[in-house]
Amino acid sequence: MTSAPSPSPVPSSPSRTRLLSLGLAVLVIPLGLASRRKSLPWPSFFATYAGDTLWALLVFLLLRFLAPRRSALAVAAVALAFSFGIEFSQGYHAPWLDAARRTLPGRLVLGAGFLWSDLVCYSVGVLLGVGLDVALLTRRTPEKAAPSVDMGRPSSR
């Protein structure tokens, strides 16, 4: 009995990884900024959690852009560590750091206050990045099948 060859994952080229990561990052930035706009009628769940989720997705995509040869899981680990580090740093209140957090860029990058729910959002955002990576950057190619021998029928030689 012959079975169809199973597809085998093949990593994308570094230039393709960079291009797709950058393209997705360019799409995520306006989505993340729009999710913070109070003037838009977002559903409350989206308005509460989308910005932090998209922020972590952006961190993953930018790190993937910078390290296209690294595995998606390695990039995910660094993105999650970075995101969690930024969140935990919000418990530290040096005057210069609080001054930076009062600016728009500082607030967007460093956040304003620690929330446990942000850690969940960061985890979801990084998982979205891994999912996009697998879906868009991993090609599936069939493996070469070994010749099969059908033991139930005589050979036609």
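This passage describes the fold of a predicted protein model, the packing of two of its helices and the surroundings of two residues, Ser21 and Thr53.

In this predicted model, local features require pLDDT of at least 70 and side-chain atom pairs count only at pLDDT 80 or more, whereas totals for chains, interfaces and linings use all residues. Residues are numbered from 1 along each chain as its sequence is written, and side-chain values use heavy atoms, with hydrogens and water left out.

The protein comprises six helices and two strands, taken as DSSP runs (helices H or I, at least four residues; strands E, at least two) numbered from the N terminus. Along the sequence these elements follow the order β-α-α-α-α-α-α-β. Of the 157 residues, 31% are buried, where buried denotes under 20% relative accessible area, exposed over 50% and partly exposed the range in between (1.4 Å probe, protein chains only). The exposed surface of the protein amounts to about 10500 Å², of which carbon and sulfur atoms supply 70%; accessible areas come from the Shrake-Rupley method with a 1.4 Å probe, and for residues only the protein chains shown count as cover. Among contacts (heavy atoms within 4.5 Å) between residues at least 6 apart in sequence, 71% join residues at least 24 apart.

Two packed helices are described by the angle between their axes and the distance between the axes. For helices H2 (residues 44-66) and H3 (residues 72-89), the axes come within 9 Å and cross at roughly 130°. Such axes are lines fitted to C-alpha atoms over the stretch in contact, with angles running from 0 to 180 degrees between N-to-C directions. H2 and H3 are therefore oblique to each other, given that angles under 35 degrees count as roughly parallel, over 145 as roughly antiparallel, 65 to 115 as roughly perpendicular and the rest as oblique. The contact involves residues of H2 including Trp55, Val59 and Phe60, and residues of H3 including Val75, Phe82 and Ile86.

Helix H2 also contains Thr53, which is buried at a relative accessible area of 13%. Beyond residues up to four places away in sequence, Thr53 touches Cys121, Val124, Gly125 and Leu128.

Ser21 belongs to helix H1 (residues 14-35) and is buried, with a relative accessible area of 2%. Apart from neighbours within four places in sequence, Ser21 contacts Leu61, Arg64, Phe65 and Leu137. The C-alpha atoms of Ser21 and Leu66 are separated by 9.3 Å, although these residues lie 45 residues apart along the chain.
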